[in-house]
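Please open the model in your viewer and keep the selection panel at hand. The tour below moves from the whole chain to single pairs of side chains, and each stop begins with something to select.

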Amino acid sequence: MTVLERTRAFDWRSALVASPFAVLLAWLVTILIDREPPIVFETASVLTPQVPQGGVLDVQYTVIQNRICAAAVERYVTDSDGIVHVPSTYTVGRRPLIDGYPPEGRETYQRSITIPLATSLGRAHYEARFTYTCNILQKLAFPIVVTAPTVYFDIVPAPAPLMPLTPELKP
C-alpha cells in the first residue's frame, strides 16, 4: 500500500477513539446554550386587592410551562415603608398533577400568601423569583432565573381579636 493509498483509507481506529470526544463536545455545547426558561409568565393578577395585616393575599398567574426542571423560589412582600418581608407560608392552588408532574403548556393557577403581621399599612407589592436548574452546568454555576410579574395590593389594619391573647387567671 502506497502512502497515497494510506492517507485515503479511512482509519477506523482513530474514528473509534475520537467519537466519544465528539459526543462529549456535543453534550457540552448543548448544555452551554440551554438558556430557555422552563416557565414564562403571561399575566399576574391580585384576587384580594385589600389584605389585612396577617391576612391572605390571593394571586392568580397564567403561565406557559415549556419543560420540567428543579426550582427554588424566593418570595417577598414590600410594604409602604419599603421594608421587605419574607412570607412564612403560602399555599398552592393547582389542579391535581398527573403522575407527579405538572402539565406542559398554558396553565392558570393561584397562590395564597400569608402577609406578615409586622407589615405597614398602605400600598405594598409581592414579588417571586424562581431559580431553575435544568442541567448540571446550571446546577453548578449558571441557573436560569425567572421573575414573576410584580403585583400590587393594599394592606389594611388587622381586625381586632375577639378573645384576649392572654386569658385572665381565675382564682
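Helices and strands are here DSSP runs, numbered from the N terminus, with at least four residues for a helix and at least two for a strand. With that in mind, note also that what you have open is a predicted model.

**The whole chain**

Begin with the protein chain in cartoon view, where the secondary structure comes to three helices and ten strands. If you follow the chain along its sequence, the pattern reads α-α-β-β-β-β-β-β-β-β-α-β-β. Switching to a surface view, you are looking at about 11,700 Å² of exposed area, of which carbon and sulfur atoms supply 63%. Of the 171 residues in the chain, 28% are buried. Among the contacts that join residues at least 6 apart in sequence, 72% are between residues at least 24 apart.

**A nonpolar patch on the surface**

Next, select Leu24, Trp27, Leu28, Ile136 and Leu140, which together form a nonpolar patch on the surface with about 500 Å² of accessible area. The elements that contribute two or more residues to this patch are α2, which spans 12–33, and α3, which spans 136–140. Which of the elements gives the most to the nonpolar patch? Helix α2 does, with three residues. Leucine 24 is a convenient residue to centre on, since it lies in helix α2 and is partly exposed, with a relative accessible area of 43%.

**The nonpolar core**

Now hide the surface and select Phe41, Tyr61, Tyr126 and Phe153, which are the residues with the most contacts inside the largest nonpolar core, a set of 23 residues. To see where this core comes from, colour β1, β3, β7 (105–114), β8 (122–133), β9 (144–147) and β10 (151–156), each of which supplies at least two of its residues. Strand β8 gives the most to this core, with five residues.

Centre the view on tyrosine 126 and show what surrounds it. Leaving aside neighbours within four places in sequence, tyrosine 126 is in contact with a set of residues that includes Leu57, Val59, Tyr61, Val77, Ile113 and Phe153, and also Arg75, Pro149 and Thr150.

**Aromatic rings**

Keep the side chains visible and turn to the rings, for a search of the whole structure finds four aromatic pairs. In the pair of phenylalanine 41 and tyrosine 61, the ring centres are 5.4 Å apart and the planes stand at 70°, so the pair is edge-to-face. Phenylalanine 41 lies in strand β1 (residues 39–46) and tyrosine 61 in strand β3 (residues 56–65), so this pair ties together parts that are 20 residues apart in sequence. Both phenylalanine 41 and tyrosine 61 are buried.

For a contrasting geometry, select phenylalanine 130 and tyrosine 132, whose ring centres are 6.2 Å apart and whose planes lie at 15°, so that this pair is stacked. Phenylalanine 130 and tyrosine 132 are both buried. If you then add Tyr109 to the selection, you have the one aromatic cluster formed by Phe41, Tyr61, Tyr109, Phe130 and Tyr132.

**Salt bridges between strands**

The last stops concern charged side chains, and a search of the whole structure finds four salt bridges. Select glutamate 42 and arginine 106, whose side chains meet in a salt bridge at 2.5 Å, N to O. Because glutamate 42 lies in strand β1 and arginine 106 in strand β7, the pair ties together parts that are 64 residues apart in sequence. Glutamate 42 is partly exposed, with a relative accessible area of 37%, whereas arginine 106, at 55%, counts as exposed.

Move on to arginine 129 and glutamate 74, which form a salt bridge whose closest N and O atoms are 2.7 Å apart. Arginine 129 is in strand β8 and glutamate 74 in strand β4 (residues 70–78), so here parts that are 55 residues apart in sequence are tied together. Arginine 129 is partly exposed at 33% relative accessible area, and glutamate 74 is partly exposed at 32%.

Finish with arginine 123 and aspartate 154, whose side chains meet in a salt bridge at 3.5 Å, N to O. This pair links distant parts of the chain, with arginine 123 in strand β8 and aspartate 154 in strand β10, 31 residues apart. Arginine 123 counts as partly exposed at 48% relative accessibility, and aspartate 154 is partly exposed, with a relative accessible area of 26%.

Methods
Residues numbered from 1 in each chain as written. Predicted model: local features only at pLDDT ≥ 70, side-chain atom pairs only at ≥ 80, totals over all residues. Heavy atoms only, no water. Patch = residues over 30% accessible without salt bridge, like charges linked within 9 Å, V, L, I, M, F, W, Y side chains within 5 Å. Areas by Shrake-Rupley, 256 points an atom, 1.4 Å probe, with all protein chains shown as cover. Buried < 20%, exposed > 50% of the residue type's maximum accessible area, 1.4 Å probe, protein only. Phe/Tyr/Trp six-rings, centres within 6.5 Å; stacked < 30°, edge-to-face > 60°. Core = buried A, V, L, I, M, F, W, Y, C linked by side-chain atoms within 4.5 Å. Contact = heavy atoms within 4.5 Å.
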